[in-house]
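Please work through the exercises below with the sequence and the model open side by side. Each task is followed by a solution that proceeds step by step.

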Amino acid sequence: MATSNPAFEGDEPSDTVVTVRTFSAGTFDTSASNQQTSPTPKVSNLHAPTEQGGSSRTSTVHPEMNLMKNIQKVQRDKWGKDIEFLLSCIALSVGLGNVWRFPFTALENGGGAFVIPYLIVLMLVGRPIYYLEMLISQFSSRGCINVYDASPAMRGIGVGQTYSTFIVMTYYASLMAVTMRYLIASFGDPLPWSECDEAWNATCIDSRLITNMADNATTKAVTSAELYFVKDVLKEATTIHDGIGTPDWRLVLCLLVPWTCICLTLIKGIKSSGKVAYFLAIFPYVVMVVLLVRACTLEGAGDGMLYFIKPQWDRILEAKVWYAAVTQVFFSLTICFGNVMMYSSYNRFHNNVYRDVTIVSIMDTITSMLAGLIVFGVIGHLAHVLDAPDIKQVVRGGAGLAFITYPDAIAKFTFWPQFFAIAFFLMLFVLGIGSNVGMATTIMTVIRDRFPQLQPALVAVCIAVVGFGIGIIYTTPGGQYVLDFLDFYGASFVALVLAVFEMFTFSWIYGVSRICRDIEFMLGIKTGLYWRICWGFITPTLLSAILLYHIATYETFTFNGYVYPDGMYAFGWCVFAAGVLQLPAWAIYTFLKRKEPDWRDRLVHCFKPTHDWGPEDPELNAKYHESVYKHEQSLPRERSIARRIFDNVFS
């Protein structure tokens, strides 16, 4: 549980010492930091006038506050305009998860009924975390690792989240390579997946033909769209017991395209990516509107859209439906991966992030619903022309929804199917690039925060080269096996565990009440009861419950029913441990780095903000620390545990 923290606690003592007359309350830490800042002047024998009773009188400006003004820090880059930040967040959050993950997840978990748990979770988990991450990074101008200067012992959370982001970034680009392969193929006439190829050596049905699904239920015939994806694009292996195989040269060349786009976008750091955000955030909506209009004109599209939004009320109380809603919110808003913190750290100090959070969360939900209507409108048309008794017969989840079901439907269009294919895959590619740029920028920010002398162009090229090199793994016949495996053990599971600790760190170690005071200092607005209750109780509780549910219902991970070799599962748990164990490892390192003689003092200081925590501007930083100091002096000396809990949330 958090109590309000003195302004300068949480730092390692160094040769730069500030000697201050001790206050009777004993709440003010006189140690300074050994961080990389310019030398600060030595101040000694500063005596404050003493009132009767032995307590010292607090002056308006304290020596420590003046000391903060002398701290010289490397100024971070800033967004050219506030709108660039907003559009970048939209481009980051609105991605592939909205186009194929949300529609299929909704379908599998109650259709329209899933939207209700999703919106509830969005309000009680998604928006509070999104707002918190934006606030804390904008306030401190720190990225996803340095933001834990608020509680140095918890720095491992940021390191683990960066680790997960790196894993996601590498395989996300490989999905862009597959999308690029389809985009190029969409210019062909006829579409290459619309007809069977003898080289596939399988019982195949041309996707361009209108064939009743029920008539082929007893056969092992497969559509050409599915065989094209599995045998021509992925060249997918039936097992990886003998290895993952050799990379496909066409996918490798396609992989060059997204990494080239990412590298060029980041070539000048946040300034260049902010300009590109106008295109990455706006263009997909232009395509979506065109696709929606076209989908609404298709015969049978209304049945598909109705099937997508029709509630299945008997599913709404199932625990797995709520778990699916939480995971979808994580993927949709891209929270607890460090990306939002990274973007927000480049904001102006007084930027209205409350407005931005509202806009992004609304746009994300609208995009998910819009994408669902488009996709299932086309699927409804597919079911109509096939005379399928159930739409589920023509739907495949995951990547299959975008690369099998959708192309199969397009192949049956009699009028200009190439246009529909080009528009859809171009939209997918732009959406994916927007999200991938955000992840790559997170890695760049971490590197440049540690080595500020490095030029953005050099870091961008290095990230692209390393990402491309690792991404080649996913272009092999066993690449999809590895992709799903790493997504589970290295990204989703790790992110959920660290999300729980992130919430407890900022809500109960740093403190909800201090966050609210920081908001008032930064934006001049009071924090409402909704945010306080969510941060203090509801969001941490729901995340903890979801994590416990995930652990309790854990089943051995498989890929389309395929059981991996035992060695792969051992490797998977090592990948998981490498992310989660960052937290205790950095906590131990922080504890050992402290110089206090008493281990209790050392432990307490590990969880208190560093001496320079707060606004980046030295003048604002000094004023902030003065306000923190005054608040500390106003607190009662003795408080019960219940009173501390109440003050932490409602003070």
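The exercises that follow concern a predicted model, and they go from the whole chain to helix packing, salt bridges and single buried residues.

**Exercise 1. The chain as a whole**

Task: State how many helices and strands the protein chain has, what share of its residues is buried, and what share of the contacts with a separation of 6 or more comes from residues 24 or more positions apart.

Solution: Begin with the secondary structure, where the protein chain shows 22 helices and six strands. Turn next to accessibility: of the 651 residues in the protein chain, 57% are buried. Finally, take the contacts with a separation of 6 or more, of which 83% are made by residues 24 or more positions apart.

**Exercise 2. Helix 5 and helix 6**

Task: Describe how helix 5 and helix 6 cross, and sort the residues of their contact by character.

Solution: Two packed helices are described by the angle between their axes and the distance between the axes. For helix 5 (residues 155-185) and helix 6 (residues 224-233), the axes come within 12 Å and cross at roughly 120°. Because angles of 65 to 115 degrees count as roughly perpendicular and those over 145 as roughly antiparallel, the two helices are oblique to each other. The crossing in which helix 5 passes helix 6 is right-handed. On the side of helix 5 the contact is made by Val 178, Arg 181, Tyr 182 and Ala 185, which meet Ala 225, Tyr 228, Phe 229, Asp 232 and Val 233 of helix 6. Sorted by character, the residues of this contact comprise seven nonpolar, no polar and two charged.

**Exercise 3. Helix 5 and helix 19**

Task: Carry out the corresponding analysis for helix 5 and helix 19.

Solution: Helix 19 (residues 582-593) packs on helix 5 at an angle of about 140°, and their axes are 7 Å apart. This angle makes helix 5 oblique to helix 19. Helix 5 passes helix 19 in a crossing that is right-handed. The residues that meet are Arg 155, Gly 156, Ile 157, Val 159 and Gly 160 from helix 5, and Gln 582, Leu 583 and Trp 586 from helix 19. The residues of this contact fall into four nonpolar, three polar and one charged.

**Exercise 4. Salt bridges**

Task: Give the number of salt bridges in the whole structure, and then place the partners of Arg 142, Asp 248 and Lys 412.

Solution: Side chains of opposite charge can pair when their charged atoms come close. A search of the whole structure yields 22 salt bridges.

- Arg 142 is paired with Asp 612, and their closest N and O atoms are 3.5 Å apart. Arg 142 belongs to the loop between helix 4 (112-140) and helix 5, whereas Asp 612 belongs to the loop between helix 20 (599-606) and helix 21 (618-634), so the pair ties together parts 470 residues apart in sequence. Both Arg 142 and Asp 612 are buried.
- Asp 248 is paired with Lys 235, the closest N and O atoms being 3.1 Å apart. Both lie in the loop between helix 6 and helix 7 (249-265), so this pair ties together parts that are 13 residues apart in sequence. Asp 248 is buried at 6% relative accessibility, while Lys 235 is partly exposed, at 34%.
- Lys 412 and Asp 408 meet through their side chains at 3.2 Å, N to O. Lys 412 is buried at 9% relative accessibility, and Asp 408 is buried at 7%.

As a last step, follow the linked pairs: Arg 181, Asp 232, Lys 235, Asp 248 and Arg 250 are joined in a network of salt bridges.

**Exercise 5. Two buried residues of helix 12**

Task: Which residues are in contact with Ser 361 and with Ile 374, leaving aside neighbours within four places in sequence?

Solution: Ser 361 is in helix 12 (residues 353-386), and a relative accessibility of 6% means that Ser 361 counts as buried. With those neighbours set aside, Ser 361 is in contact with Leu 122, Arg 127 and Leu 333. Ile 374 is also in helix 12 and counts as buried, at 3% relative accessibility. Under that exclusion, Ile 374 is in contact with Met 288, Leu 291, Leu 292, Ala 295 and Tyr 406. The C-alpha atoms of Ile 374 and Gly 304 are separated by 9.3 Å, although the two residues are 70 residues apart along the chain.

Terms used:
Residues are numbered from 1 along each chain as its sequence is written. This is a predicted model: local features need pLDDT of at least 70, side-chain atom pairs count only at pLDDT 80 or more; totals for chains, interfaces and linings use all residues. Side-chain values use heavy atoms; hydrogens and water are left out. Axes are lines fitted to C-alpha atoms, for helices over the stretch in contact, and angles run from 0 to 180 degrees between N-to-C directions. Helices (H or I, at least four residues) and strands (E, at least two) are DSSP runs, numbered from the N terminus. Angles under 35 degrees count as roughly parallel, over 145 as roughly antiparallel, 65 to 115 as roughly perpendicular and the rest as oblique. A crossing is left-handed if the near helix is turned anticlockwise from the far one by less than a right angle, and right-handed if clockwise. Contact means heavy atoms within 4.5 Å. Ala, Val, Leu, Ile, Met, Phe, Trp, Tyr, Cys and Pro count as nonpolar, Asp, Glu, Lys and Arg as charged, and the others, Gly among them, as polar. A salt bridge is a side-chain nitrogen of Lys or Arg within 4 Å of a carboxyl oxygen of Asp or Glu. Buried means under 20% relative accessible area, exposed over 50%, partly exposed in between (1.4 Å probe, protein chains only).
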